[in-house]
Amino acid sequence: FVARDSSRAQAFIGAMAFFAPEMEVLHLPSWDCLPYDRIGPSGGVAAQRMAILSRLAHGLEDKPKILVTQAAALLQKIPPRAAVKRASYQARAGQDVNVADLERYFGVNGYARASTVSERGEFAIRGGVIDVFPPGADEPVRLDLFGDSLESIRAFDPESQRSTKQLKAVDLLPVSEALLDKDSIARFRTGYLETFGAPGDDPLYEAVSEGSRRQGLEHFLPLFYERLESLFDYLPD
């Protein structure tokens with residue numbers, strides 16, 4: 001269902017909850033910023049978009065569901081399915097976890113470091129305890145390590161920071177549509193020089209070259225991938 005804007009989309013979602021409460025609704029919002037603005041989409045919108053795109057990229061089970069989006073989101077090009085699918089990471093209790101590798105995963109996939117995790121897309125590392133709020137989760141999770149072994153996974157309340165339930169596994173998904181791995185950084189640098197010429201003292205070019213993020217990065221999405229896809233490419237035949 002393609003709505004004209006976000007208010008119409010929310011009204012339709014509310015109607016579905018009343019008339020067909022058994023139907024699962026997937027909402028892919030549009031960016032909450034202007035094209036080529038100095039800032040990109042907000043963290044909440046970016047996380048929600050990537051949670052939905054990740055579900056679509058991995059394939060949906062047979063249970064009926066409806067995808068709700070807005071005209072602006074439908075028109076916008078998005079990362080290729082293969083890249084989104086590769087960017088998922090599953091942590092299971094009992095497996096070995098390299099903290100440095102996990103921290104690198106957070107950096108590549110758009111997670112933001114925080115002292116206390118309360119919003120989707122944030123993470124914190126304190127010794128053998130890793131807090132992270134995956135974009136597709138209702139609550140943040142706490143990974144307790146004993147040495148290199150993942151001893152337990154617990155969901156916790158972001159306000160009280162108290163555990164709410166024990167989990168066997170958690171799926172970590174990308175938060176940003178711009179994935180900053182080695183290949184995408186090299187592709188960005190080449191594409192930037194071909195499109196705009198010498199970067200001079202452009203802080204965005206310098207930040208990406210160093211593997212770090214900067215506001216408005218998502219507006220340069222075509223430079224990070226060989227090609228982009230549309231939402232229709234994510235849908236079943």
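Begin by selecting Glu 24, Arg 55 and Lys 65, which are linked in a network of salt bridges. The model on your screen is a predicted one, and every distance and angle along this tour is computed from it.

**The salt-bridge network**

Within the network, show the side chains of Lys 65 and Glu 24, which meet in a salt bridge with an N to O distance of 3.9 Å. Colour the two strands separately, and you will see that Lys 65 belongs to strand 3 (residues 65–70) and Glu 24 to strand 2, so this pair ties together parts that are 41 residues apart in sequence. Are these two partners buried or exposed? Lys 65, at 19% relative accessibility, counts as buried, because the cut-off for that class is under 20%. Glu 24, with a relative accessible area of 22%, is partly exposed.

**Two other salt bridges**

The count of salt bridges comes to 11, and two others are worth displaying here. Select Arg 4 and Asp 5, whose side chains meet at 3.7 Å, N to O. With a surface shown, Arg 4 is exposed, its relative accessible area being 59%, whereas Asp 5, at 28%, counts as partly exposed.

Then move to Asp 131 and Arg 126, a salt bridge in which the closest N and O atoms are 2.8 Å apart. Here Asp 131 counts as buried, at 1% relative accessibility, while Arg 126 is partly exposed, with a relative accessible area of 42%.

**Strands 5, 6 and 7**

Stay with this part of the model and switch to a cartoon view of strand 6 (residues 122–126) together with strand 5 (residues 112–113), to which strand 6 is joined by two bridges, the two strands running parallel. To look at one position in this pairing, select Arg 113, whose bridge partner in strand 6 is Phe 123.

Next add strand 7 (residues 129–132), which runs antiparallel to strand 6 and is joined to it by four bridges. Asp 131, already seen in the salt bridge with Arg 126, is the residue of strand 7 that Ala 124 stands opposite. Which residue of this hairpin takes a positive phi? Select Gly 127, where phi is near 65°, in a hairpin that has two residues between strand 6 and strand 7.

**Aromatic rings**

Now display the aromatic side chains, among which a search of the whole structure finds 13 pairs. One of them is formed by Tyr 105 and Phe 106, an edge-to-face pair with 6.2 Å from centre to centre and 65° between the planes. Both Tyr 105 and Phe 106 are buried.

For a second pair, select Tyr 192 and Phe 196, whose ring centres are 5.0 Å apart and whose planes stand at 55°, so the pair is tilted. Tyr 192 and Phe 196 are four residues apart in helix 6 (residues 182–196), and are therefore separated by about one helical turn. Tyr 192 counts as buried at 6% relative accessibility, but Phe 196 is partly exposed, with a relative accessible area of 48%. Extend the selection to Phe 188, Tyr 205, Phe 220 and Phe 224, and you will have the cluster that ring pairs link together with Tyr 192 and Phe 196.

**The two pockets**

For the last stops, turn to the empty space in the model. The largest pocket holds about 750 Å³ of space. To find it, select Ala 51, Pro 135, Gly 136, Ala 137 and Leu 173, which are the closest to its centre of the 29 residues that line it. The elements that give two or more residues to this lining are strand 2 (24–28), helix 2 (43–57), strand 10 (163–167) and strand 11 (169–172). Helix 2 gives the largest share, with seven residues. Colouring the lining by class divides its residues into 15 nonpolar, seven polar and seven charged.

The second largest pocket has about 410 Å³ of space. Select Pro 41, Gly 43, Gly 110, Arg 213 and Glu 218 to centre the view, since, of the 21 residues lining this pocket, they are the closest to its centre. By class, the lining of this second pocket has seven nonpolar, eight polar and six charged residues.

Note on methods:
Residues numbered from 1 in each chain as written. Predicted model: local features only at pLDDT ≥ 70, side-chain atom pairs only at ≥ 80, totals over all residues. Heavy atoms only, no water. 1 Å grid on protein atoms, 1.4 Å probe; cavity = no way out; pocket = protein on both sides within 12 Å on 5 of 7 lines; lining within 4 Å. Points joined across faces, edges and corners; volume = space filled by probe spheres on them. Nonpolar A, V, L, I, M, F, W, Y, C, P; charged D, E, K, R; others polar. Salt bridge = Lys/Arg side-chain N within 4 Å of Asp/Glu carboxyl O. Buried < 20%, exposed > 50% of the residue type's maximum accessible area, 1.4 Å probe, protein only. Pairing = 2+ DSSP bridges. Phe/Tyr/Trp six-rings, centres within 6.5 Å; stacked < 30°, edge-to-face > 60°.
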